Amino acid sequence: MTRTVQHELEEIKSRGLLRRTRVINGRQSAHVTCNGHDVLMLCSNNYLGLADHPALAAASIAAIEQYGTSSGASRLVSGTMELHERLERAVAAFKGSEAALVFNSGHAANTGIIPALVGKGDVVFSDRLNHASIIDGILLSGARLVRYPHNDHTALALLMEKHATEYDTEHATGRCLIVTDGVFSMDGDIAPLAELVALKRAHGALLMVDDAHGCGVLGERGRGSAELLGVGSDVDIQMGTFGKALGSFGAYAAVSAELRDLLINRARSFIFSTSLPPSVLAASLAAVELVQTPEGDQLRQQLAVNTSFFRNSLAEAGFTIPAGTTQIVPIVIGPADTTMQFSEALLAEGFFAQGIRPPTVPVGTSRLRFTLMATHTLADLACAATSVCHVGQRLGVI
Ligand SMILES: Cc1ncc(COP(=O)(O)O)c(C=O)c1O
């Protein structure tokens, strides 16, 4: 019997997992208007506050005036504009890679890159907590998916030994890929990249790092988790996004010139989609430039100060915060319904922290995922921490 849409929605609702969009009026900044109320934004990935930075807006407006509003086609037809290539050169210089390729989004990058690299008969080793778009990319590729326990390079080493003989060399490329988030999006911890580099060397594998949450933020110059851990040139594919700390939209792969050519020829999300428009490219280019200036340094420093203040405030109030130092600060509540009650109660007090539920996180680990911004003030964050503490006590979470 066909399951009706209504029945399916009711079933999602009965599990406490029905999701709705919430409308933000006006700009994405530290204080926003949400459903008509002023609230402090505590769940945006706009970590450096660049989404409403005048330099990005001015670059976007100028690009529309100069180049119009659309690229008009996919990259391989007639949609490669000079701005695409300027942005790619800027990303390669920023990341210290030989070349770079721009994708339409992080999801499009992961679902394009992975199937371009590996296919049926190949093996991909993927951290158990990797982002959904990585999993989607692996599933699309048809390669064998071997998940390793979160950040456990010792377990990964054993799994790589075990699966070393399993390649289907007749059909496969013979490539083996290790893929990990750089900063885990829902937990805020950082992958052990030095150890993963050693393993990829030992097994002749490729290493891909999705640095959606590290780019612009981590490392002395904001180049991301690979810069922080001193392994930049050892990562074969550094993927990152423009839609988070960089305040724009889209994604990139920082790679060798050879890999760039392969992606151009094989990545279906690159080949079969209209390319990003000039306004978006110009904002991304302005952001890549800005994060390398003293203003970028200052924003990163402020973000670090805000992060440690908020992490310490919650820890002192009795919350258990998973170890880490990044701007992503989860408090794991467990049940989905309590998590959503917590989020609603905070919103009523003027603080917007979205509850995160399965399938985004494993069942039983629903959480509030706080994200810090350089544009928060310490006074904002002190009020937020007090409110989180009161609501937590009321709900019996602490
Ligand atoms: C780790 C990670 N990778 C990829 C993506 C997808 O990027 P985009 O939003 O640009 O599609 C996200 C989040 O959106 C993410 O958190």
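# Briefing: two sheets, a buried helix and a ligand shell

The buried residues of helix α12 are covered by several elements, including α11 (278–290), β11 (328–334), β14 (366–371) and α14 (378–394). Keep in mind as you look around that this is a predicted model. Below we go through that helix, then the sheets, the ligand's surroundings and a few unusual backbone spots.

**Helix α12**

- Helix α12 takes in residues 294–316, which makes 23 residues.
- How far apart are the end C-alpha atoms of α12? They are 33 Å apart, and that agrees with the 33 Å you should get at 1.5 Å a residue.
- Which residues of α12 are buried? They are Gly296, Leu299, Arg300, Leu303, Asn306, Thr307, Phe310, Arg311 and Leu314.
- Here's some background for reading that list: an α-helix has 3.6 residues a turn, so residues three or four places apart point the same way.
- Just past the end of α12 comes glycine 318, with a positive phi of about 110 degrees.

**The sheet of 7 strands**

- This sheet is open, its pairing is mixed, and its strands come in the order β4-β10-β9-β8-β7-β5-β6.
- The edge strands are β4 (99–103) and β6 (144–148); each has a single partner strand, so one side of each has no neighbour in the sheet.
- Ignoring direction, neighbouring strands here are turned by 20 degrees against each other on average.
- Inside the sheet, β8 (residues 206–210) and β9 (residues 237–241) make a parallel pair with 3 bridges.
- In that part of the sheet you can spot methionine 208 opposite isoleucine 237, which belongs to β9.
- Helix α3 (residues 82–95) lies across β4, β9 and β10 (251–255), and it runs at about 125 degrees to β4.

**The sheet of 3 strands**

- There's also an open sheet of 3 strands, with antiparallel pairing and the order β11-β14-β13.
- Why is one side of β11 and of β13 left without a neighbour in the sheet? Both stand at the edges, and each has a single partner strand.
- The antiparallel pair β11 and β14 has 6 bridges.
- If you look for a facing pair, proline 330 stands opposite arginine 369 in β14.
- Helix α13 (residues 336–348) lies across β11, β13 and β14, at about 35 degrees to β14.

**A hairpin and its parallel partner**

- Strands β2 (residues 31–34) and β3 (residues 37–41) pair in the antiparallel sense, with 4 bridges.
- Threonine 33 has aspartate 38, in β3, as its bridge partner.
- Between the two strands of this hairpin sit 2 residues, and asparagine 35 in the hairpin has a positive phi near 50 degrees.
- β3 also pairs with β12 (residues 351–352), this time in the parallel sense and over 2 bridges.
- Leucine 40 is found opposite phenylalanine 351, a residue of β12.

**Around the ligand**

- How many residues surround the ligand? There are 14, and the closest are Ser105, Gly106, His131, Ser185 and Ala212.
- Sorted by class, this shell has 10 polar, 2 nonpolar and 2 charged residues.
- Helix α4 (residues 106–117) gives the most to the shell, with 3 residues.

**Unusual backbone spots**

- As a rule of thumb, most residues other than glycine have a negative phi, and most peptide bonds are trans.
- Asparagine 35 isn't a glycine, yet its phi is positive. Is asparagine 35 buried or exposed? It counts as exposed, because only 12 or fewer C-beta neighbours are allowed for that and asparagine 35 has 11 inside 10 Å.
- Asparagine 151, also not a glycine, has a positive phi of about 60 degrees. You'll find asparagine 151 in the loop between β6 and α6 (153–162), and it is buried, with 20 other C-beta atoms within 10 Å.
- The peptide bond from proline 358 to proline 359 is cis, with omega near 10 degrees. Proline 359 sits in the loop between β13 (355–356) and β14.

**Serine 74**

- Serine 74 is in the loop between α2 (54–67) and α3.
- With 16 other C-beta atoms within 10 Å, serine 74 is partly exposed.
- Leaving out residues up to four places away in sequence, serine 74 touches Gly79, Ile271, Phe272, Ser273, Thr274 and Ser275.
- From serine 74 to leucine 395 you count 321 residues in sequence and 51 Å in space, C-alpha to C-alpha.

Definitions and conventions: Residues are numbered from 1 along each chain as its sequence is written. This is a predicted model: local features need pLDDT of at least 70, side-chain atom pairs count only at pLDDT 80 or more; totals for chains, interfaces and linings use all residues. A residue is near a molecule or strand if its C-beta atom, placed from the backbone, lies within 6 Å of it. Ala, Val, Leu, Ile, Met, Phe, Trp, Tyr, Cys and Pro count as nonpolar, Asp, Glu, Lys and Arg as charged, and the others, Gly among them, as polar. The expected span of a helix is 1.5 Å times one less than its number of residues. Two residues are in contact if their C-beta atoms, placed from the backbone, lie within 7 Å. Two strands pair if DSSP finds at least two bridges between them. Axes are lines fitted to C-alpha atoms, for helices over the stretch in contact, and angles run from 0 to 180 degrees between N-to-C directions.
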